[in-house]
Amino acid sequence: MRTISADVARRTFLAAQGFTDPRPSGPVTRRHLGRVLDRVKLLQLDSVNIAVRAHYMPLFSRLGAYPAALLDDAAWSPDARRPRLLVETWAHEASLVPVTDRPLLSHETLPRRWWKHYGPLLEKHPQLAGDILDVVAEAGPMGAGAIEKALAPAGRAGEVRPRPPGATWWERSEVKRVCEYLFATGELSVGTRVHFERRYDLPSRVLPPEILALPEPDPADAARELVARSASALGIGTETDLRDYYRLGPERTRTAIAELVDAGALEPVKVRGWDRPAYRDPAARVPRAVSGRALLCPFDPLVWERDRTERIFGFRYRIEIYVPEPKREYGYYVFPFLLDGELVGRVDLKADRAAGVLRVPGAFAEAGASSPRPRIAAELAGELATMAGWLGLDGVAVGERGDLAAELRAEVAAA
């Protein structure tokens, strides 16, 4: 078994994730979007909008400022000239994936997740799933609230519990829960979104005919293909890394890895400093150096698996949204800062749309970074300015928290 250094593993990972590809020098096009998707394979969805929604940010991190409509059109507003490239499904979490990958991600391939707990609800309302499908078939793309209203006049909602007034986001109505179950099992798809609300539709009206015509793959074959895609997206990773990318089951992942190794599609390697075996994509590139800068949202595939982030970059990262404010170490919604292949700092970000500024309540340098602090502050200020312009904001306002705040504030002021 070949042994490689941790530094080679890190550069392999960064190249696989697209951070050695140059940013476009001109307008960003659908071709550039496709290039990033070829690298990262999927974009995680998340409802937090304190700075920018999660699915938009990985493209900015790799391409720089780009029109958000490029992604919206590819996922939710296709037409004859620009066919749908992406579709929503469960993958790592709720995600956008290329339409060509959707058949691989059936609920038979993925382990049963939260939706397995909805069995008793379906037993309680045995007609509800069919009634929801009928309403969507008749009326087209609809949100859960509209579906519930459509069911009520005909009495089809029966004794279904509605969403109580003033309920939190997590307190879903029973109709919403069944809609989510049908979405998770592939009986419903998402045709579009309005104000980030899912509008459910039939898969036959969302997926291209050539995708619908494909036979459903055997779950073991699908898992093998997904592990190969994970390896391509990571360049190198442990069994846990390869499993986590699409949240596959452990047994199915181990079997898939063994088959891919036997076929020469994965190379077992040892990485110095790692406490478990690793597997390398034979097609992975190892750049001699990594340059450039990027802000990373908490749900970027480069950092979403926190143990891997710490193993590869020596960067301990936790999201603190659900931590009470007095106990937060860095802030509410913190973005790591990548510079020349290292995670050298982090910033707490908030898009203050009313004031027209990108607020930075806290800025922190990472101990032991090889880049000098003045350069980190200057590069970070430049990337924050680019992000603010991309978000349609007029500037950047740096707060007081953090050991990098003063230097960053000075750089922002000088610019």
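The paragraphs below lead through the sheets, a buried helix, and the enclosed and open spaces of this structure.

The model is a predicted one, in which local features need pLDDT of at least 70 and side-chain atom pairs count only at pLDDT 80 or more, while totals for chains, interfaces and linings use all residues. Residues are numbered from 1 along each chain as its sequence is written, and side-chain values use heavy atoms, with hydrogens and water left out.

A good place to begin is the sheet of five strands, which is open, has mixed pairing, and follows the order β10-β11-β12-β13-β14. Helices (H or I, at least four residues) and strands (E, at least two) are DSSP runs numbered from the N terminus, and two strands pair if DSSP finds at least two bridges between them. At the edges stand β10 (293–295) and β14 (395–401), each of which pairs on one side only, and the twist from one strand to the next averages 30°. Angles here run from 0 to 180 degrees between N-to-C directions, with axes taken as lines fitted to C-alpha atoms, for helices over the stretch in contact.

Within this sheet, β12 and β13 run antiparallel and are joined by seven bridges, with R346 standing opposite F364 in β13. The two strands form a hairpin with four residues between them, and in the turn G356 has a positive phi of about 75°. On its other pairing, strand β13 (residues 357–365) meets β14 in the parallel sense over five bridges; here R359 stands opposite A397 in β14, and G362 stands opposite R401 in β14. Strand β13 is mostly covered, since seven of its nine residues are buried, where buried means under 20% relative accessible area, exposed means over 50%, and partly exposed lies in between (1.4 Å probe, protein chains only). Helix α16 (residues 405–414) lies across β12 (342–352), β13 and β14, and runs at about 160° to β14; contact in this sense means heavy atoms within 4.5 Å.

Another sheet is built from four strands in the order β1-β8-β9-β7, again open and with mixed pairing. Its edge strands are β1 (2–4) and β7 (236–237), each pairing on one side only. Two bridges join β7 to strand β9 (residues 278–280), and these strands run antiparallel; G237 has Y279 in β9 as its bridge partner. Helix α1 (residues 6–16) packs on this sheet and touches β1, β7 and β8 (267–271), its direction making about 80° with that of β1.

Helix α4 (residues 68–75) shows how a helix can be set among many elements. Its residues L70, L71, D73, A74 and A75 are buried, and the buried residues of α4 pack against the helices α2 and α3 (57–63) and against the strands β2 (43–44), β3 (86–90), β4 (94–98) and β5 (189–194).

Two of these elements, α2 and β3, return in the spaces described next. Rolling a probe the size of a water molecule over the atoms shows where empty space is left. On a 1 Å grid over the protein atoms alone, a cavity is a set of points where a 1.4 Å probe fits but cannot get out, whereas a pocket is an open set with protein on both sides within 12 Å along at least five of seven lines, and lining residues have an atom within 4 Å of a point. Grid points are joined across faces, edges and corners, and a volume is the space filled by probe spheres set on the points.

The structure holds one cavity of 30 Å³ or more, and the largest cavity has a volume of about 40 Å³. Its lining consists of Q17, G18, D21, R35, V36, R39 and R62, and helix α2 (residues 30–40) gives the largest share, three residues. By class, this lining has one nonpolar, two polar and four charged residues, where Ala, Val, Leu, Ile, Met, Phe, Trp, Tyr, Cys and Pro count as nonpolar, Asp, Glu, Lys and Arg as charged, and the others, Gly among them, as polar.

The second largest pocket holds about 330 Å³ of space, and of the 20 residues that line it, R102, P103, G186, L207 and E216 are the closest to its centre. Strand β3 gives the most to this lining, with three residues, and the lining divides into 11 nonpolar, six polar and three charged residues.
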